[in-house]
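Here is my note on the model you sent round. Please read it with the structure open.

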Amino acid sequence: MARRIGQSFWRDFFQLCGAVGRAMKVTLLNLIRRPVTVHYPDKTRAYPDRYRGLLALTYDKETGEENCIGCRLCEYICPPQVIKVEMLKAEKRNYAKVFTLELYACEFCELCVQVCPTDAIIMMKSFDMSTADRRELLLDKDRLHQIGLKFEPSWATGNLLRDMQTPPKAPARQEAEPAKAAEAGAKPGGKAE
Ligand code: SF4
Ligand code: SF4
């Protein structure tokens, strides 16, 4: 009996020493490893092209006009309904008279970007808007334009996303018919003209 207790003691003792040794090895490896912490904002990481960050409104690069035409598609598609738009009808084109976005409730799903016909709403490669006051995250049109000027835009725009998701076109009928005729001629018994 005493012998069995002794054997069990030493087995447990060696198992414990092994576990402590493995844990100390991990600790020592981490002690000499280079730190991975990025000292933001002194240093910033490069964001991926498809990064879904802050939302912003854009201007037309050539004319300097607002791209938003106040169509409200983004408002209708937004799942948590955080966008509110009022359209201003004008002679040549329409504008957004009011555009607000409650960023604190945004899901960053990108649906508003996908439906925008004029690439007016986009996402930026930044999340840099932390605050302790929720009211600062209720963005109006001016602030959304400022964000658009301040940060680097992500790859995605409504038009690029729609192009990407459009299925490839079937070959035109005229091109397909000579190919079919050649195929029929090559088959045994097929009528070649
Ligand atoms: S990213 Fe999604 S949740 Fe956020 S405003 Fe756009 S549609 Fe709404
Ligand atoms: S941001 Fe785009 S989808 Fe939204 S109202 Fe303006 S034009 Fe329409």
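The points below go from the overall fold to the ligand sites, the salt bridges and a surface patch.

1. Status and fold. This is a predicted model. The chain has six helices and five strands. In sequence order, the pattern runs α-β-α-β-β-α-β-β-α-α-α. Helix H1 covers residues 2–32.

2. Burial and contacts. The chain counts 193 residues, and 24% of them are buried. Its exposed area is about 14,700 Å². Carbon and sulfur atoms make up 57% of that area. Take the contacts with a separation of 6 or more: 71% of them join residues 24 or more positions apart.

3. Ligand 1. Which residues come nearest to ligand 1? They are Cys-78, Cys-106, Glu-107, Cys-109 and Cys-112, out of 13 residues around the ligand. The shell holds 11 nonpolar residues and two charged ones. It has no polar residues. Cysteine counts as nonpolar in this tally.

4. Ligand 2. This ligand is also surrounded by 13 residues. The closest are Cys-68, Cys-71, Arg-72, Cys-74 and Cys-116. Here the shell splits into 10 nonpolar, two polar and one charged.

5. Salt bridges in general. Side chains of opposite charge can pair when their charged atoms come close. How many salt bridges does the structure hold? The count is eight. Points 6 to 9 take up some of them.

6. Arg-52 and Glu-110. These side chains form a salt bridge, at 3.6 Å from N to O. The two residues are 58 residues apart, so the pair links distant parts of the chain. Arg-52 sits in the loop between H1 and strand S1 (55–57). Glu-110 sits in the loop between strand S3 (95–102) and helix H3 (111–115). Is each partner buried or partly exposed? Glu-110 is buried, because its relative accessibility is 4%, and buried means under 20%. Arg-52 has 40% relative accessibility and is therefore partly exposed.

7. Arg-93 and Glu-65. The closest N and O atoms of this salt bridge are 3.1 Å apart. Why does the pair tie together separate parts of the chain? Because Arg-93 lies in the loop between strand S2 (83–88) and S3, while Glu-65 lies in the loop between S1 and helix H2 (73–77). The two parts are 28 residues apart in sequence. Glu-65 has a relative accessible area of 35%, so it counts as partly exposed.

8. Arg-135 and Asp-133. This is another salt bridge, with its closest N and O atoms 3.1 Å apart. Arg-135 is exposed, because its relative accessible area is 69%; the cut-off for exposed is over 50%. Asp-133 is at 25% relative accessibility and so is partly exposed.

9. A network. Salt bridges also link Asp-49, Lys-125 and Glu-152 in a network. Please check these three side chains in the viewer.

10. Surface patch. Which residues form the nonpolar patch on the surface? They are Phe-9, Trp-10, Phe-13 and Phe-14. Together they have about 470 Å² of accessible area. Trp-10 belongs to helix H1. Its relative accessibility is 47%, so Trp-10 counts as partly exposed.

Methods: Residues are numbered from 1 along each chain as its sequence is written. Chains are lettered from A and ligands numbered from 1 in the order in which they are written. This is a predicted model: local features need pLDDT of at least 70, side-chain atom pairs count only at pLDDT 80 or more; totals for chains, interfaces and linings use all residues. Side-chain values use heavy atoms; hydrogens and water are left out. A residue is near a molecule or strand if one of its heavy atoms lies within 4 Å of it. Patches are made of residues with over 30% relative accessible area and no salt bridge: like charges are joined within 9 Å, nonpolar side chains (Val, Leu, Ile, Met, Phe, Trp, Tyr) within 5 Å. Accessible areas come from the Shrake-Rupley method with a 1.4 Å probe; for residues, only the protein chains shown count as cover. A salt bridge is a side-chain nitrogen of Lys or Arg within 4 Å of a carboxyl oxygen of Asp or Glu. Helices (H or I, at least four residues) and strands (E, at least two) are DSSP runs, numbered from the N terminus. Buried means under 20% relative accessible area, exposed over 50%, partly exposed in between (1.4 Å probe, protein chains only). Contact means heavy atoms within 4.5 Å.
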